[in-house]
Amino acid sequence: MAMWQTFASDVPVQDETRSVRAQVAYGLGQAEQASRAAEPLAAARQCLESVQAYRSAVDEFYYGTLERDALNGHATEVAATLQRKIDLLVAALPPEPPERRYKRRAIGLLNSGGLVAIPTLILRVTVSVSDNQLARGPADARSGCIESCYLGTVLNPAFFPLQALTAGLLGGGMRSLGRWAAIRDAHAGVSDASRAHRLTWLGVGVMGAGLATFVGTQVVSHTFAYDSVAAVGIRDAGWWVATLSLPAGAGLMGYGTGYRKQSLMGARRAASVAPRVSRDVVGLSVSGRI
């Protein structure tokens, strides 16, 4: 606060540089708030923010190199002290509860998976509409194509990495969500690991059925002419099944495995083994919660 007051007193009242006055006012406000902050960590962060604003104002207002360097050097020392204080305060904070960490991770991964899935689905619809319209159109409309007029011939294999990435993100997000749900249910005393086991195998079944259907449709499509309506429709159906079944199966499997893993970890933590020594018995005692 004293550093800001000294700097503010040096700024001429008639100075026409609005940005300098704005930086000074902002820095004074931050320093004043920091002096009234009840939490030490919040106070230290506000002080550091005011020092950074102070350095920007010094760089813009002072034109003398020696004077500017001296002021900035002092501000750098103050900033380094504040940063060390912030690091110590952050290290002393209690660890974040695991259920909150898992839920936040799940939200991030699921949102990322959704962002990847949206353009993939849009392009997937574009390919389906274009290829089916082309297959139903006149044959001479396809005569001018060098290799193939069908968008799916090129784009479908190119979509596969995006579909796998979507499945991985959704599966990881659902796994974190399953771990969060296991902790929540354990606190409520309603844990159901058998349901998680069924969901895991259901996810495996959905993915396996989707891949089998995809392979089957590609094989069956070769029994028809490549550019026939039937071949295009069968190929397109197979890609749609793969597009939908892989993320859905990965999500179910991820939720089930995450729930079961967290339930097993909770069960292991609930039991403890300790040495026991008395006049009559020397051995181990096992205790746990039911």
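1. Burial and surface. Of the chain's 290 residues, 32% count as buried. This is a predicted model, and every value below is computed from it. The chain exposes about 17,400 Å². Carbon and sulfur atoms supply 64% of that area.

2. Confidence. The mean pLDDT of the chain is 75. Residues that reach 70 or more make up 70% of the chain. Two stretches deserve a separate mention. Over residues 270-274 the pLDDT stays under 50; the model gives this stretch 14 contacts beyond four places in sequence. Over residues 286-290 the pLDDT is also below 50. That stretch has eight contacts in the model beyond near neighbours in sequence.

3. Secondary structure. The chain has eight helices and two strands. Read from the N terminus, the order is α-α-α-α-α-α-α-α-β-β. The two strands thus follow the eight helices.

4. Contact range. Take the contacts between residues at least 6 apart in sequence. Of these, 70% join residues at least 24 apart.

5. T200. This residue sits in helix α7, which spans residues 193-221. Is T200 buried or exposed? T200 is buried, because its relative accessible area is 10% and the cut-off for buried is under 20%. Leaving aside residues up to four places away in sequence, T200 touches L252, M253, G256, T257 and R260.

6. L115 and its patch. L115 belongs to helix α5, residues 98-136. With a relative accessible area of 61%, L115 is exposed, since exposed means over 50%. Which residues join L115 in a nonpolar surface patch? They are I118 and I122. Together, L115, I118 and I122 make a patch of about 320 Å². I118 and I122 also fall within the residue range of helix α5.

7. S56. Helix α3, residues 40-61, holds S56. Its relative accessibility is 36%, so S56 counts as partly exposed. That value lies between the 20% and 50% cut-offs. How far apart are the C-alpha atoms of S56 and N72? They are separated by 9.2 Å, with the two residues 16 apart along the chain.

8. Three helix residues, side by side. T200 of helix α7 is buried at 10%. S56 of helix α3 is partly exposed at 36%. L115 of helix α5 is exposed at 61%.

Methods. Residues are numbered from 1 along each chain as its sequence is written. This is a predicted model: local features need pLDDT of at least 70, side-chain atom pairs count only at pLDDT 80 or more; totals for chains, interfaces and linings use all residues. Side-chain values use heavy atoms; hydrogens and water are left out. Helices (H or I, at least four residues) and strands (E, at least two) are DSSP runs, numbered from the N terminus. Buried means under 20% relative accessible area, exposed over 50%, partly exposed in between (1.4 Å probe, protein chains only). Contact means heavy atoms within 4.5 Å. Patches are made of residues with over 30% relative accessible area and no salt bridge: like charges are joined within 9 Å, nonpolar side chains (Val, Leu, Ile, Met, Phe, Trp, Tyr) within 5 Å. Accessible areas come from the Shrake-Rupley method with a 1.4 Å probe; for residues, only the protein chains shown count as cover. A salt bridge is a side-chain nitrogen of Lys or Arg within 4 Å of a carboxyl oxygen of Asp or Glu. pLDDT is the predictor's confidence in each residue, from 0 to 100.
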